[in-house]
Amino acid sequence: MKPLNIAIIGAGTAGLAAASLLAEQGHHIHLFEKAQELEPVGAGLLLQPAGLAVFEHLGILDQALALGAHVTGLEGQLAGGDLLVNSHYQQAHPDFYGLGIHRATLCHVLESKAREYPEHIQWYMQHDIGQLNERDDTVELIGTAAGHAFQFTADLVLIANGARSHLRPQAWEKLNQPYPWGAKWIIVPECDVLEPQILHQFYDRSNIMMGIMPTGPIPTQPEQRLSSIFWSLPSEQLADFLPDRKSQQQWLAQISKRWPQVAEWLEHVIPDPEDQQKWLSAQYRDVVLKQLGQGRIGVLGDAAHAMSPQLGQGANMALLDAWAISNALQQMSQTNQHLNTEALWQLYHQQRWSSIRFYQFFSRLLTPFYQSHHAWTAPLRDFSFRAMYQLPFFRKEMAITISGLKTGAFGQMNYAEIARKHVATVSVERSDFKFD
């Protein structure tokens with residue numbers, strides 16, 4: 001099959017990773033991004049083993065490890081210090097670990113990789129795509145660049161412009177709504193009062209949740225290691241969080257009653273409300289699609305499956321999407337002289353559909369136990385988790401789930417198959433997939 005002209009809309013995690021993987025196959029990539037420069041905004045995130053396997057496949061794992069923070073597991077404390085969640089990657093596999101990484105660092109690593117293909121990747125910064133018109137053998141992109149209208153024609157379009165994408169076909173949407181809870185976040189110097197290789201979470205009932213995550217440095221200041229702090233709130237309360245020094249002291253007192261050691265540390269690292277450094281807001285959406293691709297249009301990343309961040313899988317699923325679409329396109333090209341879109345999307349769905357459905361279901365199931373005002377959720381959570389964490393089977397399954405490799409209650413992806421460069425043979429049966 002001759003190289004394709006592939007338009008990727010959105011230079012985020014999914015878009016940058018897919019650009020590199022498809023350029024490596026010899027395709028001509030046209031990467032459209034509405035921002036003038038790549039300046040990612042956001043706190044740190046956790047790359048799970050699933051995402052790290054894609055990094056290994058891309059050949060950028062060592063670079064990421066040098067800039068990130070090695071994470072061995074997740075611990076969740078109740079008020080008073082009792083441990084509710086105690087999940088470690090080695091319970092899933094002796095060689096597994098996570099990587100806390102700043103969003104700017106993640107973008108830097110992925111962009112650097114994409115820049116290695118100047119003959120195959122063309123960058124279109126400050127290009128806002130407003131409409132897609134699919135024809136029999138092409139897709140027309142219509143948009144604006146620096147205030148001027150433009151049109152572009154591609155053989156294949158991959159939509160990767162985030163949870164609020166207006167380009168994904170509305171007919172594919174099964175659910176698209178804002179999540180009622182969000183979070184305030186800030187990045188501070190590395191926490192020195194907690195185990196530095198653990199993602200720490202703190203819960204009281206279902207309406208108080210805080211996270212402190214090792215984040216590593218940013219590329220321009222490699223000597224300054226960082227931590228990300230998250231504080232969960234209903235979306236309507238995000239704008240009024242800590243408006244002045246009095247409210248900040250009340251917030252610290254609230255934490256001190258539950259986790260005094262953490263409150264003492266926070267008092268020294270949280271900036272004064274009048275300082276330039278501010279808490280920023282993170283708001284989330286639930287996006288569930290009936291399908292991920294059809295004809296000459298496909299969807300990757302949060303545009304395809306945005307969800308609550310409770311399981312910490314957003315970036316990892318975006319990386320897996322990029323890996324799967326490149327894998328599917330390479331397999332299809334080995335057996336077809338021309339682009340067979342039906343075969344392409346069957347292969348893509350076969351590799352991603354079951355995993356996406358599992359994590360979306362599990363996220364919706366768990367999130368109310370950590371972000372809600374229900375009186376019954378916290379007692380049920382505390383009782384059941386204490387009981388289940390006594391079982392080695394449950395501890396292992398939770399560790400595999402957090403690793404991002406689950407495809408269902410009893411199935412999982414193979415890290416080595418993702419990390420390797422060769423493409424595994426996947427048989428395709430139309431009856432395997434029912435998009436409803």
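The following conversation works through a predicted model and asks what its labels rest on.

Biologist: Why is S355 called buried?

Modeller: Buried means under 20% relative accessible area, and S355 has a relative accessible area of 1%, so S355 counts as buried. This residue lies in helix α9, and, leaving aside its neighbours within four places in sequence, S355 is in contact with K406, T407 and M413.

Biologist: What makes K406 and E397 a salt bridge?

Modeller: The label asks for a side-chain nitrogen of Lys or Arg within 4 Å of a carboxyl oxygen of Asp or Glu. In this pair the closest N and O atoms are 2.3 Å apart, and K406 therefore forms a salt bridge with E397. Both of these residues are buried.

Biologist: Where else is E397 listed, and which elements do the buried residues of α11 pack against?

Modeller: E397 is one of the buried residues of helix α11, which spans residues 392-402, and others there include F394, M398 and I400. The buried residues of α11 pack against β5 (73-78), β6 (83-88), α9 and α10 (377-388). After α11 comes G404, whose phi is positive, near 85°.

Biologist: What makes L391 partly exposed rather than buried or exposed?

Modeller: Buried would require under 20% and exposed over 50%; L391 stands at 48% relative accessibility, and therefore counts as partly exposed. L391 is found in the loop between α10 and α11, and its C-alpha atom is separated by 28 Å from that of P214, a residue 177 residues away along the chain.

Biologist: How do you know that E140 and R135 meet in a salt bridge, and how is each of them classed?

Modeller: The N to O distance between their side chains is 2.8 Å, and the limit is 4 Å, so the pair qualifies. E140 has a relative accessible area of 12%, under the 20% limit, so E140 is buried. R135 has a relative accessible area of 45%, which lies between the 20% and 50% limits, so R135 is partly exposed.

Biologist: Why are R420 and E417 both called partly exposed?

Modeller: The class covers what lies between 20% and 50%; R420 has a relative accessible area of 38% and therefore belongs to it, and E417, at 26% relative accessibility, therefore counts as partly exposed as well. R420 forms a salt bridge with E417, with the closest N and O atoms 2.4 Å apart.

Biologist: How many salt bridges are found in the whole structure, and which residues are linked in a network?

Modeller: A search of the whole structure finds 12 salt bridges, while D204, R205 and R258 are linked in a network of them.

Biologist: What makes R364 eligible for a patch of positive charge on the surface?

Modeller: A patch residue needs over 30% relative accessible area and no salt bridge; R364 is at 41% relative accessibility, so the first of these conditions is met. Arg counts as positive, and R364 gathers with K174, K290 and R357 in the patch. The place of R364 is in helix α9, residues 341-366.

Biologist: Is S363, which also lies in helix α9, buried or exposed, and what is S363 in contact with?

Modeller: S363 has a relative accessible area of 2%, and buried means under 20%, so S363 is buried. Leaving aside its neighbours within four places in sequence, S363 is in contact with M307, S308 and L311.

Notes. Residues are numbered from 1 along each chain as its sequence is written. This is a predicted model: local features need pLDDT of at least 70, side-chain atom pairs count only at pLDDT 80 or more; totals for chains, interfaces and linings use all residues. Side-chain values use heavy atoms; hydrogens and water are left out. Patches are made of residues with over 30% relative accessible area and no salt bridge: like charges are joined within 9 Å, nonpolar side chains (Val, Leu, Ile, Met, Phe, Trp, Tyr) within 5 Å. Accessible areas come from the Shrake-Rupley method with a 1.4 Å probe; for residues, only the protein chains shown count as cover. The place of a charge is taken as NZ of Lys, CZ of Arg, CG of Asp or CD of Glu. Helices (H or I, at least four residues) and strands (E, at least two) are DSSP runs, numbered from the N terminus. Buried means under 20% relative accessible area, exposed over 50%, partly exposed in between (1.4 Å probe, protein chains only). Contact means heavy atoms within 4.5 Å.
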